[in-house]
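User: I should like to learn how to read the features of a structure, step by step. Please take me through this one.
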Protein chains: 2
Amino acid sequence: MTKPITNARALPIGAASRLAGVNIETIRYYERIGLLARPERTAGGNRVYDEAAVARLGFIRRCRELGFSIDEIRELLSMVDRRDYSCAEVHRLTVAHHRSIMGRVAALQRMAAVLDGMASQCDRGDLPDCPIIEALQDDRRPAGGRP
Amino acid sequence: MTKPITNARALPIGAASRLAGVNIETIRYYERIGLLARPERTAGGNRVYDEAAVARLGFIRRCRELGFSIDEIRELLSMVDRRDYSCAEVHRLTVAHHRSIMGRVAALQRMAAVLDGMASQCDRGDLPDCPIIEALQDDRRPAGGRP
DNA sequence: CTACAATCTGTAGCCACTACAGAAGCAAGG
DNA sequence: CCTTGCTTCTGTAGTGGCTACAGATTGTAG
């Protein structure tokens, strides 16, 4: 919460975007889907943000960088907003997300192993019968190598 | 009734779908985007497939299972269709795809490491100041832990 | 012939943005 | 005040790779 952003109280969307590291279009998108409150406006109708909004955007960005979905972030934010969230809730969400990432890693690694096996059978010559293509065509030798 | 599809020459879309392991809607989608040739039709207008089409669908499915994009599959199919594709081309595509998968794995593993670190700091008590939330809020301790 | 299943076309939705078009606001210099 | 030039506005459409309908038609077994 201690931010060394000097005296910037009224930031137009471009400044908020740069400070938070979130695209202008994305900020408007977050507002549209209700992830971010509608900000004040200038007399002419331009959005005006304050440090709190920039901090919230930073929170969202960091969550996204960690792969949380918008709905998960919505949940995290609502916990924060309640102010009486329990650590256990947050922990549960984080661990569940961690598990799902590990699942994706495992799936990708299975793919990579098959690809590696196929590529290593290929001698990169000018054969008309590429082992890779053969492996992909043959359904008795399933590409996934699954049981 | 599991019919042994020995001499099935004229398959309606449902049978092709079951044989190839590709959804009916997906088959029509592949046709729409030009990945699959438009098949013959019955007098009434229903699609009719043959074994070659089913084999092609199987090829596509196996490529998808290995994470190839539609455009990559389009390229692979065009090589196969040319009949004089070189093994080197196929190998290059496969290796490039492998590399991109490894990149995604690395990115996910970085996320997982940060999540793991955050979760392990949390004692799951009923603290109002959850270390996970703190980490997500604090922009001097970037969640990504990136150098 | 009559059920009932399968298939048809076309459209809209998913996720999390991104990319415009065309209009209007805003700040500085003259 | 006026122009210049950047920024921001709204609204819509596109991305990838499907999936899910609605409402109509076709195919088929009894």
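User: Which elements each supply at least two residues of the surface near DNA strand C?

Analyst: The model is predicted. Three helices qualify here: α2 (24-32) of chain A, and α1 (13-20) and α2 (24-32) of chain B, each of which supplies at least two residues of the surface near DNA strand C. With 4 residues, α2(A) gives the most to that surface.

User: How many residues surround DNA strand C, and which are the closest?

Analyst: There are 20 residues around DNA strand C, and the closest are Thr42(A), Arg64(A), Gly14(B), Arg28(B) and Arg47(B). Of the atoms of DNA strand C that come within 4 Å of the protein, sugar and phosphate account for 86%. By residue type, the surface near DNA strand C divides into 6 nonpolar, 9 polar and 5 charged residues.

User: Which atoms of Arg28(B) and Arg47(B) lie 2.6 Å from a phosphate oxygen of DNA strand C?

Analyst: For Arg28(B), a polar side-chain atom lies at 2.6 Å from a phosphate oxygen of the strand. For Arg47(B), a backbone N or O atom lies 2.6 Å from a phosphate oxygen of DNA strand C. Arg41(B) also takes part, with an N or O atom of its side chain 3.1 Å from a phosphate oxygen of DNA strand C.

User: Let us turn to the other strand. Which residues come nearest to DNA strand D?

Analyst: Among the 20 residues around DNA strand D, the nearest are Gly14(A), Arg28(A), Arg47(A), Thr42(B) and Arg64(B). Sugar or phosphate atoms make up 86% of the atoms of DNA strand D within 4 Å of the protein, and the rest belong to bases. The surface near DNA strand D comprises 6 nonpolar, 9 polar and 5 charged residues.

User: Where are phosphate oxygens of DNA strand D placed relative to Gly14(A), Asn23(B) and Gly44(B)?

Analyst: A backbone N or O atom of Gly14(A) is 2.7 Å from a phosphate oxygen of DNA strand D. In Asn23(B), a polar side-chain atom lies 2.9 Å from a phosphate oxygen of that strand. A polar backbone atom of Gly44(B) is 3.1 Å from a phosphate oxygen of DNA strand D. The elements giving two or more residues to this surface are α1 (13-20) and α2 of chain A, together with α2 of chain B. The largest share, 4 residues, comes from α2(B).

User: How does one read a sheet, and what is the order of the strands in chain A?

Analyst: Strands of a sheet pair through backbone hydrogen bonds, in either a parallel or an antiparallel manner. Chain A has an open sheet of 3 strands in the order β1-β3-β2, with antiparallel pairing. Because β1 (11-12) and β2 (40-41) of chain A stand at the edges, each with a single partner strand, one side of each has no neighbour in the sheet. β1(A) pairs with β3 (residues 47-49) of chain A over 2 bridges in the antiparallel sense. Leu11(A) has Tyr49(A) in β3(A) as its bridge partner.

User: What relates chain A to chain B?

Analyst: Two copies of a chain are related by a rotation about an axis and a shift along it. Here, a rotation of 180 degrees with 0.0 Å of shift along its axis superposes chain A on chain B, with an RMSD of 0.1 Å. The two copies are therefore related as by a two-fold rotation axis. Within chain A, the residue closest to the rotation axis is Val105(A), at 2.8 Å (C-alpha).

Methods:
Residues numbered from 1 in each chain as written. Chains lettered and ligands numbered in written order. Predicted model: local features only at pLDDT ≥ 70, side-chain atom pairs only at ≥ 80, totals over all residues. Heavy atoms only, no water. Near = heavy atom within 4 Å. Polar contact = N/O pair within 3.5 Å; in protein donor to acceptor, adjacent residues only side chain to side chain. Nonpolar A, V, L, I, M, F, W, Y, C, P; charged D, E, K, R; others polar. Pairing = 2+ DSSP bridges. Least-squares fit on C-alpha atoms with pLDDT ≥ 70 in both.
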